[in-house]
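Trainee: Could you take me through the salt bridges in this model, slowly and with the surroundings filled in? I'd like one connected explanation rather than a list.

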Amino acid sequence: MARFQPIRRGIVQTPRILACGDSALSVEFGETIDPDINGKVLALDDALRMRSPAGLLETVPTYRSLLVQFDPTLTDYDALAALLTAEAQGLAPRASTGRRWRIPVVYGGEYGIDLEDVAERHGLTPRQVIDRHAGAVYRVYMIGFLPGFAYLGGLDPTLATPRRTQPRAKIPSGSIIIGGAQAAVGSIECPSGWHILGRTPVRSYAPERDPAFLLGAGDEVVFEPVDTSRWDMLDREAQAGGVVAEEIRP
Amino acid sequence: MIDLVVKACGPMTSLQDRGRHGYQRFGVSPSGAMDARSLAAANILVGNPPEIAAIEFVNLGGTFTCSGGDLRIAVVGADCSLSIDGVQVAPNTAALLREGQEAQVGHARTGTFAYLAIAGGFAVEPQLGSLSFHLRSRLGGLDGAPLRPGDRLSCKAEAQPGELMHLPLEAPPTDAPIRVMLGPQDDYFTPAAIRTLLEGEFTVSPQADRMGFQLTGPQIEHAKGFNIVSDGIVTGHIQVPGNGQPIVLMRDRQTAGGYPKIATIISADLDRFAQLRPGTSVRFKAVEREEAVTAARQMKDWISSLPTALVPVRFDLTTEHLLSVNLIGGAVDALAPRTPETAAS
C-alpha cells in the first residue's frame, strides 16, 4: 500500500505527534495557515477534552497544532499518543463554533493612526480600506501572545501589508490591526509591529467580567464601522462590564 | 487581621505560586515560581501546602515588618540570609517575626530566586485562579503589580504561631548538565546543530528574566529556515531565532511562538536551570522520556516527603530569648540547625 501522501496545501491525513519535553506533546496537522488544518486542531481539542484521559492538564489549540499538557507522573504517554492518533483518524474539521461576533470599530484618526498610510501603500482611499476590512468574515484561528489577543484569518489579500520595520513599544488596548496577511483584535496595551487601522471599545479580555474571555478559537468575527461620536458611550458600557460586541447569526 | 508590611524590596519582587493554569488557550501565560522546589520548601517550613503563594525575590532581598500580630516566616532559595532585628536565622529554618520587629532578607549569594513564605499564606484575591504576578498582562500580584515599599499584605495567619521548624536541604548540583529531550522541531536543524547544542558550552546572558533566558555560545544552524507558523509553547522550550543563539522560555513565557524549538528542558531540571545566574556556563544532555519521567516522579516524591523531613528548632531564635538563655554563642545540640557562624562558612 502506498503511504498516505500529503494532500493539498500541506494537510496530512495522519498528524505528527511531537514530544515537547516530558510534560507535553504537540499534535501537528500541518505547517501552514489553513482553515481545514485549524478546523482539525479544534475538532481534536473537543474530542480530547471530552475523553479527558488521566493526567491531562491543559490543551492549547494553535493555527496548525494542538499542544497537550499533562502530568508525566500520571499519564501513560504511549496510551495518550495512541488515543490522539486514533481520534485524529478521519476527523472532520470543525468549520466554526457557530458563534459570530459583530465588533464595532472606530476607523482612522487617532483610533487608527496607520489607516491613511496603509491606504496610500495600496493606492486606495481610506474609505476603500475600511470597506474591504469591514467587508470580510474572519475566523479566529487562535488566541495567543497576550490574554484575549485574537489572531484572525480572512483578511482581503489586497490589504496584506508587511509589518512595520520599527515595531511600536506600545499600542492601545482594543487595537484593530493587520500584519502581513493576518489580522487581529488586540486586547490589552502591548508592543506591536502591526498596522493600526482602528480601535474597538470591546474588551476581548476583561478579568472582572463573566465571561472574562470573549473570543475563542473557531469563532467568527465581522467588523462594523462606527462613528467617533459613539466611542465614549460604547467605551463606558464596556468599562462597566458590558460585552458591547453583538453575537449574530452566521 | 495580621499584615506583612513591605519596607524595602527589589523592583521585581512579586507574589508567585504554582502558576495560573487552564487559560493558556486564551493567551494567558502560566507564570508561577521560577524555582518551584524552593517555593515548596519555604511553604513546608511554615506548615503550608507546597504550592501556595510566597514572595519571590529576584537577586535582591527586602525588609519587612508585621502589624496586628506575630507571623511565622521562612526564606528558602538562592542562599539568601534571613535576620530578625539583626539576629541571623539559621538557613532553611522558620522564624517568628513579632509585631514591631524587622525581618531582613539578604541578596542572593548563589542563584537568583528566593521565596519568603508565611504560615497560612496571604489573603490576597487570586486572578484567574492564581496569585502569580505576570508583568506583561498585569495579572496577579497585588492589584496587578509587583511588590513595592509601603505595600501591606493581609495574611491568613494563625492566632497562635506554631512550632518553628528546620528543613535539612541539600543544594542541587551546580555543575551537572541540564537534561533535555529533543524536539518538537529538531527536524528544523542540521545534525551538526544538534551536536552543537549537546556538546557545546553556552553562557547565560544578562538578558535573562522570568520570561526567558538568552544564551550565548556556538551558533546553532537551522536546516530549513527559522520561520514557522506559530504553535504552542511549554516552559523549558529551547527556541532558536535567526541569529542561531538559543533562548530558553521560562515561566512568564508567551503561549504560542514562531521560532523552531530544538529541544525542551525536562521538568525536573527547570528549577535548577532557573537558578543559573548570568555569566554561568551551561551544558545540555539529551535524555529519553523514561529518564525524564523518572526524574519528574522523584521530584514529586521529594516534595511529598518534605513534611516528614522537618526537624523542630529547640528554641526560639530571637534576640531576647537568646539573651535570656545565654546561648548567643551557638547551639550545642547536634540535631539543632547550623548556627550563624557555620552557616556563613
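Mentor: Here is a walk through the salt bridges, followed by a few other spots.

First, some ground rules. This is a predicted model, so local features need pLDDT of at least 70 and side-chain atom pairs count only at pLDDT 80 or more, while totals for chains, interfaces and linings use all residues. Residues are numbered from 1 along each chain as its sequence is written, chains are lettered from A and ligands numbered from 1 in the order in which they are written, and side-chain values use heavy atoms, with hydrogens and water left out.

Let's set the scene with chain A. It has 5 helices and 14 strands (DSSP runs numbered from the N terminus: H or I of at least four residues for helices, E of at least two for strands). Its C-alpha atoms fill a box of roughly 60 × 40 × 35 Å along the principal axes. Of the 250 residues in chain A, 56% are buried; buried means under 20% relative accessible area, exposed means over 50%, and partly exposed is in between, using a 1.4 Å probe and protein chains only.

Now for the charges. Chain A carries 26 positive and 31 negative side chains, and the centres of the two sets lie 4 Å apart. Here Lys and Arg count as positive, Asp and Glu as negative, and His and the chain ends are not counted; each charge is placed at NZ of Lys, CZ of Arg, CG of Asp or CD of Glu. Side chains of opposite charge can pair when their charged atoms come close. The cut-off for a salt bridge is a side-chain nitrogen of Lys or Arg within 4 Å of a carboxyl oxygen of Asp or Glu. Over all chains, that gives 31 salt bridges.

Start with A:Asp45 and B:Arg25, whose side chains form a salt bridge at 2.8 Å, N to O. This pair crosses between chains: A:Asp45 sits in helix H1 (residues 35–51) of chain A, and B:Arg25 in the loop between strand E2 (14–16) and helix H1 (36–45) of chain B. A:Asp45 counts as buried because its relative accessibility is 3%. B:Arg25 is buried too, at 15%.

Next comes B:Asp231 with A:Arg64, a salt bridge whose closest N and O atoms are 3.7 Å apart. It also runs between chains, from strand E16 (residues 231–232) of chain B to the loop between strand E3 (56–61) and strand E4 (65–70) of chain A. Both B:Asp231 and A:Arg64 are buried.

Then look at B:Lys224 and B:Asp187, where the closest N and O atoms of the salt bridge are 3.9 Å apart. This one links distant parts of the chain, 37 residues apart: B:Lys224 is in the loop between strand E15 (212–216) and E16 of chain B, and B:Asp187 is in the loop between strand E13 (178–182) and helix H2 (191–199) of chain B. B:Lys224 is partly exposed, with a relative accessible area of 44%, and B:Asp187 is partly exposed at 31%.

Those last two pairs belong to a network of salt bridges, which links A:Arg16, A:Glu28, A:Glu31, A:Arg64, B:Asp187, B:Lys224, B:Asp231 and B:Lys261. One of its members, B:Lys261, leads us to B:Gln239, since B:Lys261 is among the contacts of B:Gln239 (contact means heavy atoms within 4.5 Å). B:Gln239 is found in strand E17 (residues 237–239) of chain B and is buried, with a relative accessible area of 9%.

Back in helix H1 of chain A, where we met A:Asp45, you'll also find A:Leu48. A:Leu48 is buried, with a relative accessible area of 2%. Leaving out residues up to four places away in sequence, A:Leu48 touches several residues, including A:Pro53, A:Leu56, A:Val68 and A:Leu84.

One last stop is the loop that holds B:Asp187, between E13 and H2 of chain B. B:Pro184 lies there as well, and the peptide bond from B:Gly183 to B:Pro184 is cis, with omega near 15°. Chain A has a cis peptide bond too, joining A:Asp210 and A:Pro211 with omega about 5°. A:Pro211 lies in the loop between strand E12 (195–199) and strand E13 (220–225) of chain A.
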